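Here's a quick briefing to read alongside the model. Have the sequence and the 3D view open as you go.

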Amino acid sequence: MVDLPDQFVFNTFAFLIWGALVMWMCAGFTMLESGAVRTKNASMICLKNIGIYSIAGLAYFIVGYNIMYVDVGDIFGSFEFLYGPSGAEKALLNGDESAVGSVVDNGYAVMSDWFFQMVFVATAASIVSGAIAERIKMWSFFAFTLVLTAFIYPIVGSWTWGGGWLAQEGFQDFAGSTIVHGTGGWAALAGVLVVGPRLGKFKADGSVKTTPPSNVLVVTLGVFILWLGWFGFNGGSQLALGTPADAVAMTIVLVNTNLAAAAGVIAALAVSRSILGRIDLFAGLNGAIAGLVAITAGPTMVDHWWAMIIGAIGGLLCTIAIKVLDIVKVDDVVGAIPAHLVAGIWGTLAVTIAAGGRFHIQLLGIVSIGAFVFIASLVVWKVLDMVMGLRVSTDVERMGQDVAELGIEAYPEFVLMPEEMD
Amino acid sequence: MVDLPDQFVFNTFAFLIWGALVMWMCAGFTMLESGAVRTKNASMICLKNIGIYSIAGLAYFIVGYNIMYVDVGDIFGSFEFLYGPSGAEKALLNGDESAVGSVVDNGYAVMSDWFFQMVFVATAASIVSGAIAERIKMWSFFAFTLVLTAFIYPIVGSWTWGGGWLAQEGFQDFAGSTIVHGTGGWAALAGVLVVGPRLGKFKADGSVKTTPPSNVLVVTLGVFILWLGWFGFNGGSQLALGTPADAVAMTIVLVNTNLAAAAGVIAALAVSRSILGRIDLFAGLNGAIAGLVAITAGPTMVDHWWAMIIGAIGGLLCTIAIKVLDIVKVDDVVGAIPAHLVAGIWGTLAVTIAAGGRFHIQLLGIVSIGAFVFIASLVVWKVLDMVMGLRVSTDVERMGQDVAELGIEAYPEFVLMPEEMD
Amino acid sequence: MVDLPDQFVFNTFAFLIWGALVMWMCAGFTMLESGAVRTKNASMICLKNIGIYSIAGLAYFIVGYNIMYVDVGDIFGSFEFLYGPSGAEKALLNGDESAVGSVVDNGYAVMSDWFFQMVFVATAASIVSGAIAERIKMWSFFAFTLVLTAFIYPIVGSWTWGGGWLAQEGFQDFAGSTIVHGTGGWAALAGVLVVGPRLGKFKADGSVKTTPPSNVLVVTLGVFILWLGWFGFNGGSQLALGTPADAVAMTIVLVNTNLAAAAGVIAALAVSRSILGRIDLFAGLNGAIAGLVAITAGPTMVDHWWAMIIGAIGGLLCTIAIKVLDIVKVDDVVGAIPAHLVAGIWGTLAVTIAAGGRFHIQLLGIVSIGAFVFIASLVVWKVLDMVMGLRVSTDVERMGQDVAELGIEAYPEFVLMPEEMD
């Protein structure tokens, strides 16, 4: 046996290191999104994303964590403000060595779990910004982010990881295919439906205007960052490292995570020609994310080839969904709904195949979380639309939010092609 | 209790992992600075920054660490060359298991502390390059970097972390708001004053020429890199992980670090409209850095809301200082002086609020380190100006250092706007 | 002594964390290469590199690891499919606590070593893509990648790290100057010779067409990523962290790694003016990589100044080799052969100076691995050339692979200079 104090250090350090990698995912989303939008809105995406991470980190400290984890009944926890180290920890830091026993009994430093959970909130919020980019007002977006990270996400979290009613039903979602990525995806979908497609995206003749990523290198960098960060996202969700069994389990999680992502890339590239009409780099990149999202709900199977299958199907479904969104005229700028929501639903169901979940409970979780997040988000978006307005003016949208709202350009010295406006 | 050999491994590994993240901050500075300068000087920034990290790493190995940490009297340590593992460590590696006791008694592998301290030196030097970008000669800059990393910074370090006179007075600076960021900031200020503003920055009619970041995405990426790296910078400065108390303390440091940065962003964005006339992304990004710098001197308070206040004030002061520098016609290209020096002074004083420092001692440290670094840097810059020349010719400055000194362009195939020269 | 269960956790966690950093090197290669090619081929490099990492990860899972490590005779291991946790690990995860003894006796979680080795395969394959960029067909390249990662690299690995004939001879290559970087370099050289130089690279009058990096910032970012990742690459190759001796050794490895890279930069910059006619940023960046490659075979010496010398010579040889390749009209787009193959040979020999290898055995390893990889690669490239064709058409090459094969541009809104075609 590993002694308890050693376990405490291992567990705490794992939360910190893996949490740092999850924070890094915010940079990944920022690069992915700012490279995927048109140049005229790229600076705004940068601002929104550093804003998201800041707002999420403060909101989760001030109210979110308490709602999600403290005194959780069935559907939410405490509405107290702020969170902090335990009394025993404070005593230990003040030199009271007799407190070490009760500190260690907690298994990990109290705030190390807070740190790890906090970076997850930011991930959920980051998913939204890409989907509704290029036409949503900055302040309205920040207001939504605040509600999402202070209330909506924590409530979903209280149902599940916080020990609420869905956890009691046996709903399984290891690192959040539905809890994080589904929540982000549903919130994004609600936003996209309320704010509508970008000007000229869907033409009167039924054709779809191509809006390729303005900076492919930056998008690719973003995906690599996300892939790396996902080792923290899934690996850290083992929530412990202090025993050989934990170390083995964490290892298996990382291996499955990587295999699913790799299979997602290959599957998406393989089908992109037939579905999208060309070998599509963007589909391949989204395939990586879809594979990662799909494995996130249950990356614990010891037969690793299942991870390849789950990831590959994730990549396939994501590519199909990219096409479907175009057909149903839903304008998701970066493919967040295909990669996070669609692959997340698949992944949450796939838990029943290899990682031991029960189908009807998984479905219950998907539907109930989906319904709650979608409806709550819809209400918030609608209210914001009435109060502040959601959508920038046509002039701002044509000009781009960078110049119109921020007064800067992303690359002020570079000469850009004039956009066709038709 | 965690056994001593386990403590040794924990402590050593923490130095290595967190140190690796601090090294990553050099990439952050490189991106921040190369995206913030005009395109014509972006390659030169890349070269300077990889040069800084290389020079700093060699100089600190050859003389710096010894001056800072070995046989420190009141104001500096040893002037021996090179540094290396202890005799006991060498014996252990040669298979002498009896040496393990004295190896372990040191608490951490000797060179793991060296590694961690080495990446800090590079940080201090990186701060300088951004402020004086776009007009300083490469070789003169490298010569200054050598002096800074081999002598100036190590002497400051010997006064404080090395156990010299300021440490004996009780000066507190957990991870270097003043020791690292103040040193970098004062050295930068001296350089900026000697070399003067860029051509045309401050016009005869009193107006200031806007020089927006040439690549906003890259600047944003740089800030995210710095934020991530700061977890290593502050977390690793706990200098130990081997006991539950250390693990708790390191956790608290990370939480405070993140809260301060988030609050810095929000505060800077909130005041940017009234101070700078618009919601300013660049102010928000610098606000993150200012929040991080401000918390660096004392990120140990268990009442985490203090971290939000300290970070927010850091972001606020930084935004004000950006404006003030324009008014007093000091041309700091990337805002290094506001973000590192101003926020660093604030952070060093703020230690007295929540982390237990004494005000007059903190002030003594700020003033004495500031005076030493500023005067020493001024002398070195002046000498270099006489010997090698500091400033590129007017032709080089107009043409840009990339083409004039390196014979390349940062983006050779991209069409750029002709710069207005007036 | 550290207890065995603690050792198990330390060793496993080190594989996972350092392995994650090595995965990050794939992002480094992607940035380095996509910034180094001309803009018209940058998206293709992004696609190739995410494809490499995905293919390598799957191929190594399906067959590679078994060939390299399982039941290795003299020249290869098992041809079984798939790999997975041990029976004891599965029992432990199923709650059989009695299995913990045999789990722990393995020293690390079985798949944590797989994870760490898997990211190494991807590195070897990444080296190839840069050298033969801008003219090789995507599908042919992917087919080669599959053979390299499923068979060629694992066979080399079985000779050495797998315990085969070269290991029995006493060949030393700590983290793979020859096993990884030499293998990648020889495979790249074979590819470059078969596919030939880019159109117009070597003109009839003997002059060489300059093809500067299309995005210097991205190249620089790539090098910083690689440098960071190399701490994982070399540090993790200690293969253990669970004892004080391991922790000391890992520390020494990181220190030497950093010193060698720094010295490589400075040496390459210093000689670039005389060899290449200017202070050459690209040479300096490649110097970092060459220094890293050179130290990789033997980063264990306790006299750290040797690392500076080995790294500096690596940077020097790399810069010379860049020039030589131009003279012999070998078109290596990113300098992969100088930085990986040439510096790798030097590093493998340099082991004899300070880290205890025997010269003739090191030479034997270099020659036998070189001959095998070069000939095997040559055969594969030739077969692919006959079956699928290796080289894109002249039209595709002029137009760029991005538009011609992928139907996108890397920066679709940016105005680019028309390329001179002569």
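What follows covers one helix, the symmetry and one interface.

This is a predicted model, so to speak of local features a pLDDT of at least 70 is needed, side-chain atom pairs count only at pLDDT 80 or more, and totals for chains, interfaces and linings use all residues. Residues are numbered from 1 along each chain as its sequence is written, with chains lettered from A and ligands numbered from 1 in the order in which they are written.

**Helix H8**
- H8(A) takes in residues 177-195, and its 19 residues reach 25 Å from first C-alpha to last, close to the expected 27 Å (1.5 Å times one less than the number of residues).
- Helices here are DSSP runs of H or I with at least four residues, numbered from the N terminus.
- Of the 19 residues in H8(A), 17 are buried (20 or more other C-beta atoms within 10 Å of the residue's own, with C-beta atoms placed from the backbone).
- Right after H8(A) comes Gly196(A), with a positive phi near 80°.

**Symmetry**
- A turn of 120° and a shift of 0.0 Å along the axis lay chain A on chain C with an RMSD of 0.0 Å (least squares on C-alpha atoms of residues with pLDDT of at least 70 in both).
- The two copies are therefore related as by a three-fold rotation axis.
- Val415(A) has the C-alpha of chain A nearest the axis, at 3.3 Å.

**Chain A against chain B**
- Here 53 residues of chain A are in contact with 52 of chain B (C-beta atoms, placed from the backbone, within 7 Å).
- H1(A) gives the most to chain A's side, with 16 residues.

Note on methods. Helix = DSSP H or I, 4+ residues; strand = E, 2+ residues; numbered from the N terminus. Buried ≥ 20, exposed ≤ 12 C-beta atoms within 10 Å, placed from the backbone. Contact = placed C-beta atoms within 7 Å.
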